[in-house]
Amino acid sequence: MIDTSAFKPVSFSETTITELMIPSYSNFGGKIHGGILLSLMDKVAYVCAAKHAGNYCVTASIDTVDFLQPVEVGELVSLMASVNYVGNTSLVVGIRVISENVKTNVIKHTNTSYFTMVAKDDDNKPAQIPGLILENGNQVRRFIEAKRRKEIKQNYKKEVDHITVPDGIADCKELLIGERVILTKN
Ligand SMILES: CC(C)(COP(=O)(O)OP(=O)(O)OC[C@H]1O[C@@H](n2cnc3c(N)ncnc32)[C@H](O)[C@@H]1OP(=O)(O)O)[C@@H](O)C(=O)NCCC(=O)NCCS
């Protein structure tokens with residue numbers, strides 16, 4: 001028998017943060033600085049993860065932050081976060097970021113990202129987190145997608161960890177053919 005008291009529904013920790021984009025958040029190009037959005041994403045991921053875990057959580061990794069469209073000063077940014085996947089001591093928070101022009105009410109999707117958060121106990125050791133109760137088709141789809149992304153990431157990491165570069169410039173020359181570089185040393 002599964003102890004269901006150690007499980008929480010996705011809805012328990014669903015979190016939204018909304019913030020007005022003020023001029024001091026802008027970059028030299030007049031658009032909102034990517035770092036501002038990353039900071040907000042980290043905050044909403046923390047709240048969502050800590051609520052589910054019932055513990056302090058740290059950000060272990062972030063998957064793909066592609067800014068699809070710029071965010072303008074004066075827009076209202078909303079970050080919607082929910083637990084997509086749980087492991088043993090880690091969980092994945094999916095975050096959808098939208099930005100609204102408050103004058104026209106036009107809403108654009110600026111990005112979707114996935115934060116892996118790890119729960120920590122009072123001794124700063126990874127702590128077990130509650131299991132997840134999936135209540136609809138979207139939650140099931142997100143869970144399976146996150147599981148698949150985790151597997152792909154593990155395989156990718158294995159490949160990246162074994163990237164080798166030939167010793168010596170002479171042996172690297174062939175690999176630089178077609179690249180936009182000038183080699184000044186033989
Ligand atoms: C992330 C961290 C907790 C992992 O600690 P660890 O002792 O290596 O823990 P473990 O190897 O036992 O892994 C614990 C869990 O984290 C997951 N994990 C560890 N590193 C990870 C990574 N880079 N990406 C995704 N998940 C990761 C593991 O898969 C494991 O999950 P599971 O229990 O659900 O299977 C630790 O490296 C840490 O505290 N890092 C600093 C985090 C931080 O300060 N973030 C803020 C940025 S300034």
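In this predicted model, Leu-91 is in contact with Ala-49, His-52, Ala-53, Val-83, Tyr-85, Val-86, Met-117 and Ile-129, leaving aside its neighbours within four places in sequence. Leu-91 also belongs to the largest nonpolar core, a set of 32 residues, and is listed with Met-41, Ala-45, Val-93 and Ile-95 as having the most contacts inside it. Four elements give two or more residues to this core: the helix α2 (34–53) and the strands β4 (75–86), β5 (90–101) and β6 (107–120). The largest share, eight residues, comes from α2.

The ligand has its own shell of residues. Around the ligand are Val-58, Thr-59, Ala-60 and Ser-61, then Gly-87, Asn-88, Thr-89 and Ser-90, and further along the chain Thr-116, Val-118 and Pro-126. Strands β3 (56–63) and β6 each supply at least two residues of this shell, and the largest share, four residues, comes from β3. Strand β6 therefore appears both among the elements that give two or more residues to the core and among those that supply at least two residues of the shell. By class, the shell has four nonpolar and seven polar residues, with no charged residue.

An unreviewed UniProt entry lists residues 11–123 under "domain: HotDog ACOT-type". Over that range the chain is 20% helix and 46% strand, and the C-alpha atoms at its two ends are 29 Å apart.

Ile-133 is found in strand β7, which covers residues 131–133. Is Ile-133 buried or exposed? With 13 other C-beta atoms within 10 Å, Ile-133 is partly exposed, since a residue counts as buried at 20 or more such atoms and as exposed at 12 or fewer. Not counting residues up to four places away in sequence, Ile-133 touches Phe-7, Lys-8 and Pro-9. The contact with Pro-9 joins residues 124 places apart along the chain, and their C-alpha atoms are separated by 4.3 Å.

Two further helices are α3 and α4. Helix α3, residues 137–161, has 25 residues and reaches 36 Å from its first C-alpha to its last, close to the 36 Å expected at 1.5 Å a residue. Two of the 25 residues of α3 are buried, so the helix lies largely in the open. Helix α4, residues 169–176, is hardly covered, and the count of buried residues among its eight is zero. Just after α4, Gly-178 takes a positive phi of about 90°.

Technical notes:
Residues are numbered from 1 along each chain as its sequence is written. This is a predicted model: local features need pLDDT of at least 70, side-chain atom pairs count only at pLDDT 80 or more; totals for chains, interfaces and linings use all residues. The expected span of a helix is 1.5 Å times one less than its number of residues. A nonpolar core is a set of buried Ala, Val, Leu, Ile, Met, Phe, Trp, Tyr and Cys residues joined through C-beta atoms within 7 Å. Two residues are in contact if their C-beta atoms, placed from the backbone, lie within 7 Å. A residue is near a molecule or strand if its C-beta atom, placed from the backbone, lies within 6 Å of it. Ala, Val, Leu, Ile, Met, Phe, Trp, Tyr, Cys and Pro count as nonpolar, Asp, Glu, Lys and Arg as charged, and the others, Gly among them, as polar. UniProt positions are given in the numbering used here, feature names are shortened, and annotations may be inferred rather than shown by experiment.
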